[in-house]
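Let's take a walk through this one together. Keep the 3D view open and click on residues as they come up.

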Protein chains: 2
Amino acid sequence: MSSHSPQPIVLDPDKVERVLGRIAARIGARHVLRAAGDLAPHLVEGRGLFQGATPAVLRPGSAEEVALVVAECAAAGLPFVPQGGNTGLVGGQVPFGALLISLSRLDRIRDLDPTDLTVTAEAGVTLAKVQEAAREHGCLFPLSIAAEGSCQIGGNLSTNAGGTAVLRYGNMRELALGLEVVLPDGRLWNGLSRLRKDNTGYDLKDLFIGAEGTLGIITAAVLRLFPAPRQRATALVGLESPHAALALFRRLRAVAGDALTGFEIMPRFGLETVLKHMPGTVRALQGDHAFYVLAELTSTRHEDDLAAMVLAVLADAFEAAEVEDAVIAASEAQAAALWRLREDLSDAQKFEGGSIKHDVSVPVSKVADFIVEATRRCEAHMPGLRVCAFGHMGDGNVHFNLSQPVGMDKAAFIDTWEDFNRIVHDLVASLSGSISAEHGIGLLKKEELTLYKDKVALELMAAVKAALDPKGLANPGKVLLGR
Amino acid sequence: MSSHSPQPIVLDPDKVERVLGRIAARIGARHVLRAAGDLAPHLVEGRGLFQGATPAVLRPGSAEEVALVVAECAAAGLPFVPQGGNTGLVGGQVPFGALLISLSRLDRIRDLDPTDLTVTAEAGVTLAKVQEAAREHGCLFPLSIAAEGSCQIGGNLSTNAGGTAVLRYGNMRELALGLEVVLPDGRLWNGLSRLRKDNTGYDLKDLFIGAEGTLGIITAAVLRLFPAPRQRATALVGLESPHAALALFRRLRAVAGDALTGFEIMPRFGLETVLKHMPGTVRALQGDHAFYVLAELTSTRHEDDLAAMVLAVLADAFEAAEVEDAVIAASEAQAAALWRLREDLSDAQKFEGGSIKHDVSVPVSKVADFIVEATRRCEAHMPGLRVCAFGHMGDGNVHFNLSQPVGMDKAAFIDTWEDFNRIVHDLVASLSGSISAEHGIGLLKKEELTLYKDKVALELMAAVKAALDPKGLANPGKVLLGR
């Protein structure tokens, strides 16, 4: 898969030196990193799929300095790649010859207002820091993903991050009220609105959210907060099939409404992998179930009895033979133990050899069909394959991961990635789904995108790119083919 | 204000005849209206601020026919204006010489799925029909505005309509999952996704939502549904000030969370106007209060006691001297009677002579300050002026309407509109607010927009317009100056 790395862009070294000299004069020479040891951590990503290259890592300290840096690049025609916490899963943050602009020094929370329920955070603030600031004010910032300790708000916005609470609160897009953006020519757009309603022209902010830095660099955002929940109920349920899980989802949603904040599905193979490899994890349900659901309800109300609500729904589901067994956490510690079974799933898979991953979504009504049929087709293609289809069932978002057959050569297995892409993505397309539900396109999926995305949509994307970045300097070679 | 109508565009009559002939051959001659009597209802709007003109009203019957019509216009360089239910308040739907494309024949609900919680509706379906279809399936489509019986989904999307349930469910933008759009050159983009998560490139749909037809014509949409509420509590509260209302809002939101679906403020003058002029309205609270709040809570849960929840919050608010008096509806009929007091407000104002209207928003934390200070400044500018500041306080959205002094000449009063725009909009701008919270820009506010909108944002809007509609044929002269 390191063949995914494209040939690096070759920049004129004299021009680069001239521009870096001017940038150093503006933001300070110590914020222009050149040593190989300083560059190295910015050039590889978590999965090891790509090896990047860059002449320098630039570390501006404010939105104005980002604008200065980009203006210098634009004047000289030098391409640049913005990078946050470098936790992206599709290579969007890796430079291949372009200058790297790190947002890590933009790490201030500028404002938090508990009446407006807004927090204004700079791009380099980690997600965990925003969550923590919200908690200190009795509020909730609901975005929650595995990388939250190191990923940054700018990256979360640029990839429209999802996670386990999307069912109730939406993706990063739904959580952003306003943005501050440096455009590819160095202009600084202050769109830091904290308004709930504003119908004065085109919706500009949503162009930059999810654009993976190809239309400009997000430097700050106004994000929505929510009243902190006062009650929580967490249940682990054993079931015989994805269709039973979907039936339970419908039951819970009809009664709990907004109180249903999470609905995750896991297969037996995934749960057993966690229990086998991850120290301190505990089997919460005895017996043998083909699938497990982790459901979470929360409420801001003092007097709610969410556990009773879940119990009542489960009782109905038992009667309908949709549920085999269930446990409701009796304490925060038990709830945390249940969540660990789900959260450790990706890490645990590494112990089972090579893993081929798909991050797909289908309409919620089709998610059980998808899991069953995709599993059947993949197992038929490679006997001994171990399917781990898990994820955010309530959003129709499945991480359809494939662990290699026991004993197979890892590299040989990884070499079949394209075969499985075709099997899985063709099925996704036939169900009107998406080949990238929450990870984005980056470099990893840009060729794949041309196979499955509507042609007019691709033309529109190219027109927008040309309008906002006519020189093609912002994160070149990402998202769009030939750019 | 009829001076707001610009000089009509003059089209080459021979070219118009040629193109209309071709269009008639494609969509049927009876769907190309030419008679003055047929055109007339499409050329004036509810407030009578504009008088439009058009050579013909075209009534395609499908998205494909809309694409054919637009392609013919584009090939000949003829401009066109899309029109839905013609209920817009800023003149966006009125043609001034351009061809008019009516979406009213695209009136099918193509699909409704209670598991996906989606409805796929064509642009010409009325909002009321979508609400009704949702109800029949045990679901809720939450958008609710005064014009719901006649306004259409295409117009709701193109103006990003708001209304009384935005606090809980968001604007039309938040309610749309996917769109089908005819682009200004006649290409048909099928973006009718019903996915909750899809990170495959730029967010295109949000470009068209709120663009008022200047970037293309929306022909259908996938809209989000919600589980239908099973419980409802409606309260009318008398208070001494907007600041007391804001304090009550914070209290209610902290306890009720998502159950709080509406929080509307009205001044005494507004309520008294309704009681005086609107037959069948009933004074629900005795005594004399400077302001009134209409609060609504809903829940999908069987066992909720929302009235008890409201009572508990009101008891706390009484003790803190934030509330003067309150009544909670004991039946659906009483709740409807309370809502009539709010819903009849715009109509009742017509009986009090000329009315100068502003549709503004500010951050929620500033909404009480705004009402107080804007009232003070306007009353100081014109003694005897009667301020009616009402609306969606929970969203920071105030309809800041001014009724003329008793006995003043109506036309003379209306002539002072620009003065009040300056007073109100300058204050809005100083509070980082918006001069159009939910009605849009259209023709009415496009000059005003250039005074208050960020310059870089205006440049970005122009770049997007040029990229998607290089010939400037889609709803010319709307939203953007000089286009």
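How many residue pairs are in polar contact between chain A and chain B? The count is 48 residue pairs, with both residues at pLDDT 80 or more. That confidence cut-off matters here, as what you're looking at is a predicted model.

Let's stay where the chains meet. The contact takes 86 residues from chain A and 86 residues from chain B. Together they bury about 6700 Å², and carbon and sulfur atoms give 55% of that area. Three residues are worth finding on the chain A side: A:Lys197, A:Asn199 and A:Tyr202 supply 15% of the area that chain A buries against chain B, more than any other three residues.

Now for the charges. Side chains of opposite charge can pair when their charged atoms come close. Between chain A and chain B, the count is 12 salt bridges, while the structure holds 64 over all chains. Let's visit some of those that cross over.

Start with A:Arg168 and B:Asp258, whose closest N and O atoms are 2.5 Å apart in a salt bridge. A:Arg168 lies in helix H6 of chain A and B:Asp258 sits in the loop between helix H9 (242–256) and strand S13 (260–267) of chain B, so this pair joins two chains. Are the two partners buried or exposed? A:Arg168 has a relative accessible area of 14%, so it counts as buried. B:Asp258, with 26%, is partly exposed.

Next up is A:Lys197, which you've already met as one of the three residues supplying that 15% of chain A's buried area. A:Lys197 forms a salt bridge with B:Glu438, and their closest N and O atoms are 2.7 Å apart. This pair also crosses between chains: A:Lys197 is in the loop between S9 and H8 of chain A, and B:Glu438 is in the loop between helix H16 (417–430) and helix H17 (446–452) of chain B. A:Lys197 is buried, with a relative accessible area of 1%, and B:Glu438 counts as buried at 9%.

The loop between S9 and H8 of chain A also holds A:Asp203, which pairs with B:Arg173 in helix H7 (residues 172–175) of chain B. Their side chains meet in a salt bridge at 3.4 Å, N to O. B:Arg173 is buried at 12% relative accessible area, and A:Asp203 counts as buried at 10%. One more crossing pair to click on is A:Asp304 with B:Arg301, a salt bridge with its closest N and O atoms 2.8 Å apart.

Which elements give two or more residues to the side of chain A that touches chain B? Among them are helix H6 (166–169), strand S9 (188–191) and helix H18 (455–468) of chain A. The largest share, 10 residues, comes from H18(A).

Follow chain A past H18 and you'll reach A:Leu480. A:Leu480 is buried, with a relative accessible area of 6%. What does A:Leu480 touch, not counting residues up to four places away in sequence? The answer is A:Lys446, A:Met461, A:Ala462, A:Lys465 and, over on the other chain, B:Tyr202. A:Asn475 is also in the segment after H18 of chain A. A:Asn475 has a positive phi of about 45° although it is not a glycine, and it is buried at 1% relative accessible area.

Finally, jump back to helix H1 of chain A, residues 13–27. Its 15 residues reach 21 Å from the first C-alpha to the last, close to the 21 Å expected at 1.5 Å a residue. The buried residues of H1(A) are A:Val16, A:Val19, A:Leu20, A:Ile23, A:Ala24 and A:Ile27. Look down the axis of H1(A) and these buried residues fall within an arc of 145°, so they line one face of the helix. Why does that spacing work? An α-helix has 3.6 residues a turn, so residues three or four places apart point the same way.

What covers those buried residues includes strand S1 (32–33), strand S2 (57–58), helix H3 (63–76) and strand S4 (99–102) of chain A. The face turned away from the buried side carries the exposed residues A:Asp14 and A:Ala25. At the start of H1(A), a side-chain oxygen of A:Asp12 reaches to within 3.0 Å of the backbone nitrogen of A:Asp14. Just after H1(A), A:Gly28 takes a positive phi of about 100°.

Technical notes
Residues numbered from 1 in each chain as written. Chains lettered and ligands numbered in written order. Predicted model: local features only at pLDDT ≥ 70, side-chain atom pairs only at ≥ 80, totals over all residues. Heavy atoms only, no water. Helix = DSSP H or I, 4+ residues; strand = E, 2+ residues; numbered from the N terminus. Expected span 1.5 Å × (residues − 1). Buried < 20%, exposed > 50% of the residue type's maximum accessible area, 1.4 Å probe, protein only. Arc of directions from axis to C-beta. Contact = heavy atoms within 4.5 Å. Polar contact = N/O pair within 3.5 Å; in protein donor to acceptor, adjacent residues only side chain to side chain. Buried area = accessible area lost by both parts, 1.4 Å probe. Salt bridge = Lys/Arg side-chain N within 4 Å of Asp/Glu carboxyl O.
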